Amino acid sequence: MRDYFGSHVRKYYTSVQDPQPGLKVCTNRNGWQDYFLGEYLVFSHRITFYNRETFPDKLHTHTFYELDIIGGGDVSYVADEQEIAPRRGNIVLIPPGVTHTARLISPCEYDRTVFYFDPKVLQFLGGASLPGIFHRDQASCLTVPMPKLAQYSYLVSSVEYCITQGDPETAPLMFARVIELLYCISTNARQDHAHYTALPSNVVEIKSYIDENYATIASVADLASQFFYSREHISRIFKYYFNTSITEYLMRKRIEAAKAALDAGDSVTSAFTRSGYRSMSTFIEAFRTVTGLSPSAYKKDRKAE
């Protein structure tokens, strides 16, 4: 969660406030507020109108869980080899390490209640861990059956009310309601298989090839030749499904590899070599674009933790 906070302070937050111990309120430039509850939990209720030009989501991955409760909007989620088209009231659960993006189907008001949380959020329970439903390695679309819907809806509203009050007296209740909500979902939610669609096999093959060969792909034209496509065609189908250009995805894969090397204690030169970039200056520029820091500043920041 520290990486998420740091990168968003540098790139997305217009203000950060600390109304009480253990709570940070961060205003995103897109209009919503992220509430950081301690080190391991983020809550946000986001209602934003988007068209194809303004929709910001790109293929990405993170080290924490993402749980989105859908309030409305014509938006799907692409994760690994499937596309999920949730409806109002559905829950989209994305585990750590799953590459995913939201995908705008048509211009709409996109309403979602978002939780980001590290498994450590429950470490104070000692040997207990996250509920079983969260021990999955694929994105899921969940629904709460009608008999439990009233309890679930009350908990969602109660969590938002407690968090947004900013009252120190409600701090223990905030965490209690979040934990109760997670267990309500774990106990009652079921897979909603009606909303899953497999991605076309050629699209999956293109992404898999990039994932395995990002360090040696010289250009989009080089990638296109592997599949006997034109540069324009392969770029168009990749962007259509993943809302991300091939060039941008290649950059992010290379910088992820470089970050992993730096996290492991490798030198900047070693991280540069592992990334597949041919030019150090291009590598540094790309690293700064993705993380908001130079490789040396990122490495120094890691040492300070």
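1. A definition to start with: the helix-to-strand angles below are taken between N-to-C directions, on a scale from 0 to 180 degrees, with axes fitted to C-alpha atoms. With that in hand, here are some friendly notes on this predicted model.

2. Helix H3 is a good place to begin. H3 lies across E1, E3, E4, E5, E8, E10, strand E11 (140-143) and E12. Its direction is at about 105° to that of E10. Helix H1, residues 2-11, also lies across strands, namely E1, E2, E3, E4 and E10. The angle between H1 and E1 is about 130°.

3. Now to the sheet itself. Nine strands make up an open sheet, and their order is E1-E2-E3-E4-E10-E5-E8-E11-E12. The pairing is antiparallel. At the edges stand strand E1 (13-20) and strand E12 (190-191); each has a single partner strand, so one side of each lacks a neighbour in the sheet.

4. For a closer look at one pairing, take E2 and E3. These two strands run antiparallel and are joined by five bridges. Leu23 has Leu37 of E3 standing opposite.

5. Which residues have the most contacts inside the largest nonpolar core? They are Leu67, Phe115, Phe117 and Tyr152, in a core of 34 residues. Two or more residues each come from strands E2 (23-28), E3 (33-37), E4 (41-50), E5 (65-72), E8 (91-94) and E10 (108-117), and likewise from helices H2 (146-165) and H3 (171-188). The largest share is that of H3, with eight residues. So that you can follow this in the viewer, Leu67 makes a handy starting point. Setting aside neighbours within four places in sequence, Leu67 is in contact with Ile91, Val92, Leu93, Thr113, Val114, Phe115, Phe117, Phe134, Leu182 and Ile185.

6. Please do not overlook the second core, which is separate and has 22 residues. Among them are Leu59, Ile217, Ala224 and Tyr241.

7. On to charged pairs: the count of salt bridges is seven. One of these joins Glu180 to Arg177, with the closest N and O atoms 3.2 Å apart. Both residues belong to helix H3 and sit three residues apart, about one turn of the helix. Are the two partners buried or exposed? Arg177 has a relative accessible area of 17%, so this residue falls under the 20% cut-off and is buried. Glu180, at 35%, counts as partly exposed.

8. Helix H4 (residues 201-213) holds another pair, Lys207 and Asp211, four residues apart or about one helical turn. Their closest N and O atoms are 3.0 Å apart in the salt bridge. Here the lysine is the buried partner: Lys207 has 7% relative accessibility, whereas Asp211 is partly exposed at 24%.

9. A further salt bridge links Glu248 with Arg252, where the closest N and O atoms are 3.6 Å apart. These residues are four apart in helix H7 (residues 246-263), so about one helical turn separates them. Glu248 is buried because its relative accessible area, 19%, is under 20%. Arg252, with 22%, is partly exposed. Finally, Lys207, Asp211 and Lys253 are joined into one network by salt bridges that share partners.

Conventions:
Residues are numbered from 1 along each chain as its sequence is written. This is a predicted model: local features need pLDDT of at least 70, side-chain atom pairs count only at pLDDT 80 or more; totals for chains, interfaces and linings use all residues. Side-chain values use heavy atoms; hydrogens and water are left out. A nonpolar core is a set of buried Ala, Val, Leu, Ile, Met, Phe, Trp, Tyr and Cys residues joined through side-chain atoms within 4.5 Å. Buried means under 20% relative accessible area, exposed over 50%, partly exposed in between (1.4 Å probe, protein chains only). Contact means heavy atoms within 4.5 Å. Two strands pair if DSSP finds at least two bridges between them. A salt bridge is a side-chain nitrogen of Lys or Arg within 4 Å of a carboxyl oxygen of Asp or Glu.
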